[in-house]
Each structure stands twice: as structure tokens, then as C-alpha cells.
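Let's take a friendly walk through this fold, strand by strand and helix by helix. Keep the structure open beside the text as you read.

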Amino acid sequence: MTEATDLGPELDAALDRYRVELTGYCYRMLGSSFDAEDAVQDTYIRAWRSFEKFEGRSSLRSWLYRIATNVCLDLLNAGNKRARPMDLTAPQHQASAVLSERPEVTWLEPVPDGRVLPQTADPAEMALAKESVRLAFVAALQHLPAKQRAVLILREVLAWKADEVATLLDTTVASVNSALQRARATLAATRIRESEAADPLDADQVKLLGQYLAAFEAYDITRLTALLHEDAVLSMPPFDLWLQGHEDIAAWHLNQGIGCKGSRMLPTTANGMPAFGQYRPREDGQPGWTPWALQVLEISDGKIVGLNAFLDTARWFPLFGLPEQLDESYEAQQGA
């Protein structure tokens, strides 16, 4: 992890070189895409202010990670902890489902791949990076005490050595190894549900997503539920409601969710997984569609196991570069 650091007037460029990987690190620590961006900005401000004290005894990268870790620990000490609906409540049934909204700070947030996944030519490194930003994995990290979380990410995701982590955290190698062991045990107990990464998609994933897109836009719920695993989960932050299984998910779409009929979808990716910007027909009856949800799909063994509909589109669509609305030109493009 050593590197030559001849910065001089090139400090801005040198700092920017690490922006994506630091954002990924802060996102895993905090579970919030916006908090991660703020943490990296705070890291860079602190780095600029204290750069005269940087003596080059460690690499610039290590020094920045040290600052970023302290920023994240400060935020986590304030009690910040993100969750998914499945972490907070029991599943409901469609017939008696109650929509209870919780504050934004409650929820684990999606993040665009490009914000947190550095480009690499190594397929194994990219696969690990995507695996480590999956919603289920980041949600599991939230169960760890802050320093255990940092240790596990640095050791197992970023492949730092134990002595490097000990130096960063001002502790001993023995303490690092102990924290890692406890963190692994906690994660094992959470039974993280497996899901497959996207981008690039394999042929089976391409087929599955094409079938899902066609079924959803046609609002053929029979076809749609046939693509779901038998115990698939539907969640809709900022509501703490979640449903599980074909029957309840199908019933939801045909009852409370019937307003989604006639929706149009734009593909994207989030958290290393396939995603869609969902647009519902305009409520005023005029032609076109307006934002309704960012759908992030979890796939395993050729079936969809998770439908995560993030409804705060005012936050998510600009972040993911999705348009503010769709007009008739969308249909023309689809038919071309």
C-alpha cells in the first residue's frame, strides 16, 4: 500500500483520484448515499486544512482513509444507523396492510454504481466490489458496532493487512483480529440472502429482466409473479411495510398498487444490481408519465428474490440521472 506522493499543486487531482473508492467506503460504513458524499467532502476539507501536518510517513491513500474513518465514526457515534423494512417489522398481508411512513434517516439508501465502484480490469475485484455494496450486505453491516464495521470493510472488502488497519485505528493487531472475528460471527448470524450482481449481465439475467420489463409494462401480474421466487419480498421505503410471497405481492399490485398499471420503466443499475426508474401515468390524464419509484431488483438462481421500490423519487431520480418525466417520445423510441 505504499506509493510515491509528490503532490505540490496537484493536490486536487490527487484527492479526486480516490473519490469513488472513498465514497464506496463511506457508503458501506453509513448506509446512505448522500451521507457518504457528505462524509467524503468533509474528509477532503479536513485533508486540506491539515495537509501541512501530512509528513508522508504513510501513503496519501492511507491518510485519507484514516480521515474518512474518523468522519464516519463521528457520524455513527451520533446514533446514525440505517435499516431496511425487513429489519424493523414483520411481514404484513396485503388484505390488512398498513402504510406507516418513517423518517428518511431510518432507511438504507440505494446508490448508483458509478459513485461507489472504481473501475478495474480485474473481474474478481469488480465482483467483490459489487458484492460488498449489495443492499443485503450493507444492511447487514449496519448490525455491527462502528469500529467492527470499519475493520471488516478494510480487511475483507478492501484487502488491507491487519497491521495497516491497526495503524489506521490506533490499536493493536490483536484487537483488529478480534474485532474481525466478532464481525464475521455477527454477519454469519444475519444470514444474508444471496443475490447476483449485474453489469455486465449474463444471458439468463438479460432474459429475466426483459421478461420482467415486458410483464410490468403490460401489467400482467400473472406473468410477473411467475418470475418471482416463491418467498420473494416487496418493500417500499419510506414505508415500513413489506410483503412476502407470490400471493400477497400479486394482490398488492392488483389492489393498493393498481395505480402502477400503465407504468413505463427505464433501466439503470444500483448497488451492483439491476434497477429501473418507474414512471406512472400522469394523474391529470394528460399524455406522459411521472416518476414513481426506483426499483432495485435482487436476483438469485434465475428468479427475482427482492423488489425494492424506493419511492422518494425527488431524491433518487436526479442522483441516478433519470429524467423528470417521460412523454410520448418514449413510446416512439420503444417502437423504433
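Strands β3 and β4 form a hairpin with two residues between them. In that turn, N271 has a positive phi of about 55 degrees. Bear in mind that this model is predicted. The hairpin strands, β3 (residues 264–270) and β4, run antiparallel and are joined by seven bridges. One pair to look for is T269 with its bridge partner P274 in β4.

On to the next pairing of β4: strand β5 (residues 289–300) joins β4 in the antiparallel sense, over seven bridges. Here A275 has V296 of β5 as its bridge partner. Is β4 largely enclosed or open? Eight of the nine residues of β4 (residues 273–281) are buried, so the rest of the structure largely encloses this strand.

Now zoom out to the sheet. Six strands make up an open sheet in the order β2-β1-β6-β5-β4-β3, and their pairing is mixed. β2 (242–244) and β3 are at the edges with a single partner strand each, so one side of each has no neighbour in the sheet. From one strand to the next, the twist averages 20 degrees. Towards the β2 edge, strand β1 (residues 228–235) runs antiparallel to β2, and three bridges join them. There, S235 stands opposite W242 of β2.

Two helices pack on this sheet. Helix α12 (residues 203–218) touches β3, β4, β5 and β6 (303–310), and its direction makes about 145 degrees with that of β5. Helix α14 (residues 246–254) touches β1, β2 and β6, with its direction at about 50 degrees to that of β1.

Helices also pack on one another, and two such pairs are set out here.

| Helix pair | Angle | Axis distance |
|---|---|---|
| α9 (residues 146–157) and α11 (residues 173–190) | roughly 95 degrees | within 9 Å |
| α4 (residues 60–77) and α10 (residues 162–169) | about 55 degrees | 9 Å |

With that crossing angle, α9 and α11 are roughly perpendicular to each other. Their contact includes V151 and L152 of α9 together with L180 and L187 of α11. By class, this contact has seven nonpolar, two polar and four charged residues.

How are α4 and α10 oriented to each other? They are oblique, and α4 passes α10 in a right-handed crossing. S62, Y65, R66 and T69 of α4 meet T167, L168 and L169 of α10. The residues of this contact divide into three nonpolar, three polar and one charged.

Technical notes
Residues numbered from 1 in each chain as written. Predicted model: local features only at pLDDT ≥ 70, side-chain atom pairs only at ≥ 80, totals over all residues. Heavy atoms only, no water. Axes fitted to C-alpha atoms, helices over the stretch in contact; angles between N-to-C directions. Helix = DSSP H or I, 4+ residues; strand = E, 2+ residues; numbered from the N terminus. Parallel < 35°, antiparallel > 145°, perpendicular 65-115°, else oblique. Contact = heavy atoms within 4.5 Å. Nonpolar A, V, L, I, M, F, W, Y, C, P; charged D, E, K, R; others polar. Left-handed = near helix turned anticlockwise from the far one by under 90°. Buried < 20%, exposed > 50% of the residue type's maximum accessible area, 1.4 Å probe, protein only. Pairing = 2+ DSSP bridges.
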